[in-house]
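The following exercises train the reading of a protein structure, step by step. Please attempt each task before consulting its solution.

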Amino acid sequence: TGEIPVTKNVTIKNNSGESITVSRNNASRVFNINSGKTVAIVGLTLSGGSAANGGAVLNDGSLTIVNSTLSGNTATADGGAISTTATGTSLTLINTTLSGNHANGSGGGLITLGGTVSITNGTISNNTAHFDNNSTGIGGGIHAQAGTVILKNTIVAGNLNADGGPGVADDISGTVDTTAAASFNLIGAGG
């Protein structure tokens, strides 16, 4: 019970050839990456995470997620799937999908408060910000509050802001670099 604190440099890798889901059954966040730690998550599905910030993952270190899916996670504040803190160094997503996550505040898929976020061959879709209609929330897919966000060969589309109704398209809020060499991104509204 409770989140899994990651207090050491580690690679968590699914080598089984089978689909493995790590779920907290909406009782807590899945992983909390501690400050100064370098962590890789490979080949997992993270779902059913629930926390104030970062429903599936709170990143206060250097995190790489590869060939994974984060879905069905909820934040009562910001970052439905992932929240990278102001002191977090980096977040790298490669061949990873964020879908079906919700934040009552901003960043239905992810929020970054600092550091560098790089997403390559990613899909960020069907996430919702301002899910409770009671707070101010923006960036259904990505909310880049601070730091640097770089997208390459990535789809960010079909994300919503549930501001008082069925939702309006709201894929990206904040500054995101979609012009890097060989980017080839598909961006919906707000980017």
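A residue is called buried when its relative accessible area is under 20%, exposed when it is over 50%, and partly exposed in between. The model examined here is a predicted one.

**Exercise 1. Classify Asn 34 by its accessibility and describe its surroundings.**

Solution.
Step 1. Locate the residue: Asn 34 is in the loop between E4 and strand E5 (38-42).
Step 2. Apply the cut-offs: the relative accessibility of Asn 34 is 24%, so this residue counts as partly exposed.
Step 3. List the contacts: when neighbours within four places in sequence are left aside, Asn 34 is in contact with Val 6, Thr 7, Asp 60 and Gly 61.
Step 4. Consider a residue further along the chain: Thr 76 is 42 residues apart from Asn 34, and their C-alpha atoms are separated by 21 Å.

**Exercise 2. Determine how many salt bridges are counted, and explain what the pairing joins.**

Solution.
Step 1. Recall the criterion: a side-chain nitrogen of Lys or Arg must be within 4 Å of a carboxyl oxygen of Asp or Glu.
Step 2. Apply the criterion: the side chains of Glu 3 and Arg 29 form a salt bridge, with a distance of 2.5 Å from N to O.
Step 3. Place the partners: Glu 3 belongs to the segment before strand E1 (4-6) and Arg 29 to the loop between strand E3 (21-23) and strand E4 (31-33), so the pair ties together parts that lie 26 residues apart in sequence.
Step 4. State the count: the result is 1 salt bridge.
Step 5. Compare the accessibility of the partners: Glu 3, at 29%, is partly exposed, whereas Arg 29, at 10%, is buried.
Step 6. Examine a further residue of the segment before E1, namely Gly 2. Its contacts, not counting residues up to four places away in sequence, are Arg 24, Ser 28 and Arg 29. Gly 2 has a relative accessible area of 23% and is therefore partly exposed.

**Exercise 3. Decide whether Ser 68 is buried or exposed, and state which residues it touches.**

Solution.
Step 1. Find the position: Ser 68 lies in the loop between strand E9 (62-66) and strand E10 (69-71).
Step 2. Use the accessibility: with a value of 3%, Ser 68 counts as buried.
Step 3. Identify the contacts: residues up to four places away in sequence being excluded, Ser 68 touches Ile 41, Val 42, Gly 43, Leu 44, Asn 95, Thr 96 and Thr 97.
Step 4. Contrast this with a residue that is 13 places apart along the chain: the C-alpha atoms of Ser 68 and Gly 55 are separated by 16 Å.

**Exercise 4. Describe the position of Val 117 in a strand and its contacts.**

Solution.
Step 1. Assign the element: Val 117 is part of strand E17 (residues 116-120).
Step 2. Classify the residue: its relative accessibility is 0%, so Val 117 is buried.
Step 3. Name the contacts: beyond residues up to four places away in sequence, Val 117 touches Leu 91, Thr 112, Thr 148, Val 149 and Ile 150.

**Exercise 5. Examine the positive phi angles of Asn 67 and Asn 153.**

Solution.
Step 1. Read the first angle: Asn 67 has a positive phi of about 50 degrees, although it is not a glycine.
Step 2. Read the second angle: phi of Asn 153, likewise not a glycine, is near 50 degrees.
Step 3. Locate the residues: Asn 67 is found in the loop between E9 and E10, and Asn 153 in the loop between strand E21 (148-152) and strand E22 (155-156).
Step 4. Classify them: Asn 67 is partly exposed at 45%, and Asn 153 is partly exposed at 32%.

**Exercise 6. Characterise the protein as a whole: what are its secondary structure and its radius of gyration?**

Solution.
Step 1. Count the elements: the protein has 0 helices and 26 strands.
Step 2. Compare with the globule rule: the radius of gyration is 15 Å, close to the 16 Å given for 191 residues, so the protein is as compact as a globular protein of that length.
Step 3. Add the extent: the C-alpha trace spans about 40 × 40 × 35 Å along its principal axes.
Step 4. Consider burial: 50% of the 191 residues are buried.
Step 5. Consider the contacts: of those between residues at least 6 apart in sequence, 75% join residues at least 24 apart.

Key: Residues are numbered from 1 along each chain as its sequence is written. This is a predicted model: local features need pLDDT of at least 70, side-chain atom pairs count only at pLDDT 80 or more; totals for chains, interfaces and linings use all residues. Side-chain values use heavy atoms; hydrogens and water are left out. Helices (H or I, at least four residues) and strands (E, at least two) are DSSP runs, numbered from the N terminus. Buried means under 20% relative accessible area, exposed over 50%, partly exposed in between (1.4 Å probe, protein chains only). The radius of gyration is taken over C-alpha atoms; the globule rule is 2.2 Å times the number of residues to the power 0.38. Contact means heavy atoms within 4.5 Å.
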